[in-house]
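Subject: Structure handover

Hello,

Here is the structure I promised to pass on. Please load it before you read the notes below.

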Amino acid sequence: MYNLTDIGTVKDILGRHGFHFSKALGQNFIVNPSVCPRMAEESGIDENCGVIEIGAGIGVLTAELAKRAKKVVVIELDTKLLPILDETLRDFDNIEIINQDVLKTDLAAIIEEKFKDMPVYVCANLPYYITSPVIMSLLESRLPLKAITVMVQKEAAQRLCAPVGSRLSGAVTVAVDYYANAKKLFDVSSGSFMPAPKVDSCVIRMDIRPEPENPVSDEKMFFKMVHAAFGQRRKTASNSISSGMGVAKDVVIRAIEECGFEPSVRAETMDMSQLAMLSDKIVELLRNN
Ligand code: SAM
């Protein structure tokens with residue numbers, strides 16, 4: 001079995017295959033030996049689970065997942081990595097590599113086809129250029145996942161795990177909190193990667209909620225309201241929501257009043273239950289109008 005965190009081994013493999021890192025594909029591979037075992041260990045997987053990994057690189061995390069899970073399916077876009085992975089992961093018989101763009105992959109079909117009756121987890125060191133779209137699509141498509149453990153840039157992690165209503169929270173914080181319980185696991189310094197990126201990273205875990213803690217009557221309207229409210233976060237909620245959602249201001253003001261909130265309330269100070277209440281009230285007033 002290869003030691004995929006040994007710099008000499010990694011350079012040898014990449015050199016023999018004539019591989020060059022692609023910045024555009026967010027290729028920074030983990031070479032710190034403690035990171036991937038810890039990530040796999042803290043992701044909640046065991047020998048009965050199926051795991052989806054996004055972006056294999058040379059397979060350093062894939063191998064740690066395969067040692068612990070029943071089956072691992074990896075979605076890797078870069079065709080040049082395939083012969084490398086054939087070599088580095090040849091000792092495993094529970095790994096399948098799918099050469100596709102994760103954003104164009106039907107993950108529901110993969111779960112159905114490859115992981116019948118297994119609890120399924122996602123664990124990935126995400127390419128930074130698609131962090132938000134990947135996380136949002138994993139959550140919004142309501143895949144039957146237990147948890148999503150991902151390495152993301154430190155700033156993104158702070159926003160994703162911030163309590164709703166705190167200074168660091170944003171529309172993405174609300175969206176994550178609606179579907180999952182997010183927590184920070186551990187920091188990863190930029191020196192843990194080859195090549196080293198400019199910023200530090202952080203591993204977070206999102207445990208999927210079986211049901212939202214604050215369900216809303218109309219999810220589409222709720223997320224529209226949240227985007228409107230946080231898009232202009234310095235404005236009062238009545239101003240940002242009415243202009244961002246295209247709803248008459250008197251309707252939003254009445255909804256705020258009927259919920260018992262201050263007229264000057266700003267969305268960034270509202271917690272999840274207050275945001276859900278306001279969205280339901282706006283929907284109710286619009287239906288009765
Ligand atoms: N898991 C490896 C590690 O931790 O060392 C590699 C992580 S590297 C940050 C991101 C990986 O995602 C690269 O292998 C890259 O080729 C792959 N990737 C980039 N864009 C992708 C996409 N749209 N779909 C699937 N894989 C992608």
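What follows is a short account of the sheet, its helices, some backbone details and the domain interface.

Please note that this is a predicted model.

**The sheet**

Start with the sheet. It is open and has 7 strands. Their order is β4-β3-β2-β5-β6-β9-β7, and the pairing is mixed. Two strands sit at the edges: β4, residues 95–98, and β7, residues 180–188. Each of these pairs on one side only. From one strand to the next, the twist averages 20°.

One pair is worth a look in detail. β5 covers residues 120–125 and β6 covers residues 147–153. The two run parallel and share 5 bridges. Within this pair, cysteine 123 has threonine 149 of β6 as its bridge partner.

**Helices on the sheet**

Helix α5, residues 107–114, packs on the sheet. It touches four strands: β2 (50–54), β3 (71–75), β4 and β5. The direction of α5 makes about 155° with that of β3.

Helix α8 spans residues 171–179. It lies across β7 and β9, the latter being residues 201–208. Its angle to β7 is about 115°.

**Backbone details**

Three loop positions should be checked by eye.

- Proline 195 follows a cis peptide bond from methionine 194, with omega near -15°. The proline is in the loop between β8 (193–194) and β9.
- Aspartate 117 is not a glycine, yet its phi is positive, about 65°. It belongs to the loop between α5 and β5. Its relative accessible area is 81%, so aspartate 117 counts as exposed.
- Arginine 142 also has a positive phi, near 50°, and is a residue other than glycine. Its loop runs between α6 (131–140) and β6. Arginine 142 is partly exposed, at 45% relative accessibility.

**The two domains**

The domain assignment splits the protein in two. Domain 1 is 7–208 and domain 2 is 219–288. Their C-alpha centres lie 35 Å apart.

How many residues of each domain are in contact with the other? Domain 1 contributes 14 and domain 2 contributes 13. The area buried between the two domains is about 1,000 Å². Carbon and sulfur atoms give 62% of that area.

Which three residues supply more than any other three of the area that domain 1 buries against domain 2? They are Ala171, Val174 and Tyr178, with 44% of that area. Note the numbering here: helix α8, described above, covers residues 171–179.

The rule finds 1 salt bridge across this interface. For a salt bridge to look at, take arginine 142 and glutamate 219. Their closest N and O atoms are 2.9 Å apart. This is the arginine whose positive phi, near 50°, was listed above.

**The N-terminal end**

One last item concerns asparagine 3. This residue is found in the segment before α1, which covers 7–16. Asparagine 3 is partly exposed, because its relative accessible area of 44% falls between the 20% and 50% cut-offs. In sequence, asparagine 3 and valine 31 are 28 residues apart. In space, their C-alpha atoms are 9.7 Å apart.

Best wishes

Notes
Residues are numbered from 1 along each chain as its sequence is written. This is a predicted model: local features need pLDDT of at least 70, side-chain atom pairs count only at pLDDT 80 or more; totals for chains, interfaces and linings use all residues. Side-chain values use heavy atoms; hydrogens and water are left out. Two strands pair if DSSP finds at least two bridges between them. Axes are lines fitted to C-alpha atoms, for helices over the stretch in contact, and angles run from 0 to 180 degrees between N-to-C directions. Contact means heavy atoms within 4.5 Å. Buried means under 20% relative accessible area, exposed over 50%, partly exposed in between (1.4 Å probe, protein chains only). Domain bounds come from an automatic or database domain assignment. Buried area is the accessible area (1.4 Å probe) that two parts lose on being put together, summed over both. A salt bridge is a side-chain nitrogen of Lys or Arg within 4 Å of a carboxyl oxygen of Asp or Glu.
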